[in-house]
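Reader: I should like to understand the terms applied to this structure. Please set each value against its definition before drawing a conclusion.

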Amino acid sequence: MSTGARAAAPAIEVRDSPLHGFGVFATRRIKKGTRVVEYLGERISHVEADRRYDDKDENDNHTFLFIVDARTVIDAGVEGNEARFVNHGCEPNCESVIENRRVFIEAIRDIVAGEELTYDYQIQREPDDPPDIDVIFACRCGAPSCRGTMLWPPPVPRPGRPAVRARRR
Ligand SMILES: [Zn+2]
């Protein structure tokens, strides 16, 4: 390999992943804090996202959808880029950062060449989730702290509004 500057060389490539389907891998060292790739796709409303995907097999998880905020969902199934292939990991080396309603995947630690990029999907739970939602979004990332699911843990009761009050003595 030449030691000359090759800033234009892509830092990532898409190929088969041992985790799930395709994955995104570093082709060279990526330093902590690097903005690796933007999560691109068609920007649609939540209503439109539901219209597009609610009819699908309920075992088909919507992992090409990225919720930006209450108004906008990015559908990377349309006009998406490599970012949609970044797999979930419970001890990830990247995180998703939302800035000016755009989404970026950033390295949260140094990543070596050949390593697969992951970030925590933190999928929010919904009241109408089916009982087997954790199976549909099962995680097999293999990390020691693997939650076994891509879903975010159930919300903790807010201070002052406990879901279950302590019993009086
Ligand atoms: Zn995991």
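Author: A residue is called buried if 20 or more other C-beta atoms lie within 10 Å of its own, and exposed if 12 or fewer do. The model is a predicted one. In strand S2, residues 22–26, four of the five residues are buried, and the strand is therefore described as mostly covered.

Reader: What share of the chain counts as buried?

Author: Of the 169 residues, 24% count as buried.

Reader: How many helices and strands does the chain have, and what pattern do they follow?

Author: The secondary structure consists of two helices and 10 strands. Along the sequence their pattern is β-β-β-β-α-β-β-β-β-β-β-α.

Reader: How do you know that strand S1 and S2 pair?

Author: Pairing requires at least two bridges between two strands. Five bridges join S1 (residues 12–16) to S2, so the requirement is met, and the two run antiparallel. Within this pair, arginine 15 is opposite glycine 23. The hairpin of S1 and S2 has five residues between the strands, and glycine 21 there takes a positive phi near 50 degrees.

Reader: What makes S5 and strand S6 partners?

Author: The same test applies: at least two bridges are needed. Three bridges join S5 to S6 (residues 73–75), so these strands pair, in antiparallel fashion. Isoleucine 67 stands opposite valine 73 of S6.

Reader: In what order do the strands of the open three-stranded sheet lie, and why are S4 and S5 said to stand at the edges?

Author: The order is S4-S6-S5, with antiparallel pairing. Strand S4 (42–44) and strand S5 (65–67) each have a single partner strand, so one side of each is left without a neighbour in the sheet. On average, neighbouring strands of this sheet are turned by 25 degrees against each other, direction ignored.

Reader: Which strands does helix H1 touch?

Author: Helix H1, residues 46–53, packs on the sheet and touches S4, S5 and S6. The direction of H1 makes about 40 degrees with that of S6.

Reader: Why is leucine 40 called partly exposed?

Author: Leucine 40 has 18 other C-beta atoms within 10 Å. That count falls between the limit of 12 or fewer for exposed and 20 or more for buried, so the residue is partly exposed. Leucine 40 is in the loop between strand S3 (35–38) and S4. Leaving out residues up to four places away in sequence, leucine 40 touches Ala76, Glu79, Gly80, Asn81 and Ala83. Its C-alpha is 7.1 Å from that of isoleucine 74, although the two are 34 residues apart in sequence.

Reader: What makes glutamate 79 exposed, and what is notable about its phi?

Author: Glutamate 79 has 11 C-beta neighbours inside 10 Å; the limit is 12 or fewer, so the residue counts as exposed. Most residues other than glycine have a negative phi. Glutamate 79, in contrast, has a positive phi of about 60 degrees although it is not a glycine. This residue lies in the loop between S6 and strand S7 (87–88).

Reader: Where does arginine 101 lie, and what is its phi?

Author: Arginine 101 is in the loop between strand S8 (94–99) and S9. Its phi is near 65 degrees, a positive value in a residue other than glycine. With 11 C-beta neighbours inside 10 Å, arginine 101 falls under the limit for exposed residues and so counts as exposed.

Reader: How do you know that lysine 32 is exposed, and which residues does it contact?

Author: Lysine 32 has 11 other C-beta atoms within 10 Å, and 12 or fewer means exposed, so the term applies. Lysine 32 lies in the loop between S2 and S3. Apart from neighbours within four places in sequence, lysine 32 is in contact with Ala107, Ile108, Arg109 and Asp110. Lysine 32 and aspartate 110 are 78 residues apart in sequence and 4.5 Å apart in space, C-alpha to C-alpha.

Reader: Which members of the largest nonpolar core touch the most other members?

Author: Of its 24 residues, these are Ile12, Val36, Val86, Ile105 and Leu117. The elements giving two or more residues to this core are S2, S3, S5, S6 and strand S9 (102–107). A second, separate core has five residues, among them Tyr121, Cys139, Met150 and Leu151.

Key:
Residues are numbered from 1 along each chain as its sequence is written. This is a predicted model: local features need pLDDT of at least 70, side-chain atom pairs count only at pLDDT 80 or more; totals for chains, interfaces and linings use all residues. Axes are lines fitted to C-alpha atoms, for helices over the stretch in contact, and angles run from 0 to 180 degrees between N-to-C directions. Two residues are in contact if their C-beta atoms, placed from the backbone, lie within 7 Å. A nonpolar core is a set of buried Ala, Val, Leu, Ile, Met, Phe, Trp, Tyr and Cys residues joined through C-beta atoms within 7 Å.
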